[in-house]
Amino acid sequence: MTAPALPRPLTPPPVAPPAVKDPNAAPRRGDWQQVHGRDVAALLDPRPTLVVGARGTHEMRKEVGFATILWAMPVSHEPAMVAIALREKSHTMHCLKDAGSFSLNVLPANETGTYLAQVCGTRTGWTRKKVGMVPHHQVTVEYDKTQTIEVEVPRFGIFRRVKTEERVETVHHVEQVPVLDAATSWMTCQVDHIEEAGDHLLVVAYVLEAHTCAPRNPETELLEPEDALLCVQHGAWARSRCL
């Protein structure tokens, strides 16, 4: 009598190697997902990381504010103009509105740049002053701006009443604007107008002065791209490199 044959051990099915996604292939319909809110802005990353600096002159007198922003862009060549977006409750926005001027600073792609981005972007000036944490210096800016003021005009006659009229006059401003010591490029700006844009305020401004450490190509006479700090996602940084 022969012994019964033993059952053969089950062999697992062969595992297919993971598919390697071709980086040059166009995305398929199934790859898309719908996003909302903050993720919409993240679709435009990476973006240059900038710091806005402002010093109050009236109600916010001697208050200095710094805020990390990603939403900034040029809007005109001649005259040079830029636009930035900040939240209305921002301490730096209050300093900016009070002064009517501000600085825009490009951060270097190194540890100093990431430190400044985190300090200016995660700490509010309402609860903790950043003056001692952010090395900076003051730059004097001068500009003329027309504004509407109310004046009292006496009226002669039987009742001798005083009438209030609006007049437009040009006022010369001399102000101090904080600029980061570590900035690879910076500019000082004069506010033209501010308008609401959803949960932020959009500031459109004239560029008064602009300075950079970037070298100029002697053949093309164009500025060479500088290694500025990029924000890939919230808290994730990268360097700007040419392809």
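**Entry 1. Val 203**

I looked up the contacts of Val 203 in this predicted model. Leaving out residues up to four places away in sequence, I found that Val 203 touches Val 82, Ala 83, Ile 84, Met 93, Leu 96, Phe 102, Val 191, His 193 and Ile 194.

I then asked which residues touch the most other members of the largest nonpolar core. Val 203 is among them, together with Val 52, Ile 69, Ile 84, Leu 96 and Phe 102, in a core of 21 residues. I noted the elements that give two or more residues to this core: helix H2 (91-99) and the strands E2 (50-55), E3 (64-69), E5 (81-86), E6 (101-106), E9 (185-197) and E10 (200-212). I also recorded a second, separate core of 16 residues, which includes Ala 117, Val 119, Val 179 and Ala 183.

**Entry 2. The protein as a whole**

I counted the secondary structure next, and it comes to 3 helices and 12 strands. The protein has 243 residues, of which 34% are buried. Its accessible surface is about 17000 Å², and carbon and sulfur atoms hold 56% of that area. Among contacts with a separation of 6 or more, I found that 62% join residues 24 or more positions apart.

**Entry 3. The sheet of seven strands**

In what order do the strands of the 7-strand sheet lie? I read the order as E3-E2-E6-E9-E10-E5-E4, in an open sheet with antiparallel pairing. E3 and strand E4 (72-76) each have a single partner strand and stand at the edges, so one side of each is left without a neighbour in the sheet. From one strand to the next, the twist averages 35°.

I followed E2 through its pairings. E2 pairs with E3 in the antiparallel sense over 6 bridges, and Leu 50 has Ile 69 in E3 as its bridge partner. With E6, E2 shares 4 bridges, again running antiparallel. Here Val 52 stands opposite Leu 104 in E6. Both Val 52 and Ile 69 had already appeared in my list for the largest nonpolar core.

Is E2 mostly covered or mostly open? I found it mostly covered, with 5 of its 6 residues buried. Helix H3 (residues 111-122) lies across E2 and E3, and its direction makes an angle of about 110° with E3.

**Entry 4. Helix H2**

I turned to H2, which gives two or more residues to the largest nonpolar core. H2 is mostly covered, since 7 of its 9 residues are buried. I listed these as His 91, Thr 92, Met 93, Cys 95, Leu 96, Asp 98 and Ala 99. Of these, Met 93 and Leu 96 are also among the residues that Val 203 touches.

I checked both ends of the helix. At the N-terminal end, Ser 90 acts as the cap, with a side-chain oxygen 3.2 Å from the backbone nitrogen of Thr 92. After H2 comes Gly 100, which has a positive phi near 80°.

**Entry 5. Asp 98 and the loop between E2 and E3**

Is Asp 98, a residue of helix H2, buried or exposed? Its relative accessibility is 15%, so Asp 98 counts as buried, the cut-off being under 20%. I looked for what its side chain reaches, and found the backbone nitrogen of Thr 57 at 2.7 Å. Setting aside neighbours within four places in sequence, I recorded contacts from Asp 98 to Gly 56, Thr 57, His 58, Glu 59, Met 60 and Arg 61.

His 58, one of these contacts, is found in the loop between E2 and E3. At 55% relative accessibility, His 58 counts as exposed, because the cut-off for that class is over 50%. I also noted that the C-alpha atoms of His 58 and Ala 99 are separated by 7.1 Å, although the two residues are 41 residues apart along the chain.

**Entry 6. The sheet of three strands**

Finally, I looked up the other open sheet, in which 3 strands follow the order E1-E11-E12 with antiparallel pairing. Strand E1 (47-48) and strand E12 (236-239) stand at its edges with a single partner strand each, so one side of each is left without a neighbour in the sheet. E1 is joined to strand E11 (residues 229-233) by 2 bridges, and the two run antiparallel. I found Pro 48 opposite Leu 230 in E11.

Conventions. Residues are numbered from 1 along each chain as its sequence is written. This is a predicted model: local features need pLDDT of at least 70, side-chain atom pairs count only at pLDDT 80 or more; totals for chains, interfaces and linings use all residues. Side-chain values use heavy atoms; hydrogens and water are left out. Two strands pair if DSSP finds at least two bridges between them. Buried means under 20% relative accessible area, exposed over 50%, partly exposed in between (1.4 Å probe, protein chains only). Contact means heavy atoms within 4.5 Å. Accessible areas come from the Shrake-Rupley method with a 1.4 Å probe; for residues, only the protein chains shown count as cover. A nonpolar core is a set of buried Ala, Val, Leu, Ile, Met, Phe, Trp, Tyr and Cys residues joined through side-chain atoms within 4.5 Å. Axes are lines fitted to C-alpha atoms, for helices over the stretch in contact, and angles run from 0 to 180 degrees between N-to-C directions. A polar contact is a pair of N or O atoms within 3.5 Å; within protein, one must be able to donate a hydrogen and the other to accept it, and residues adjacent in sequence count only if both atoms are side-chain atoms.
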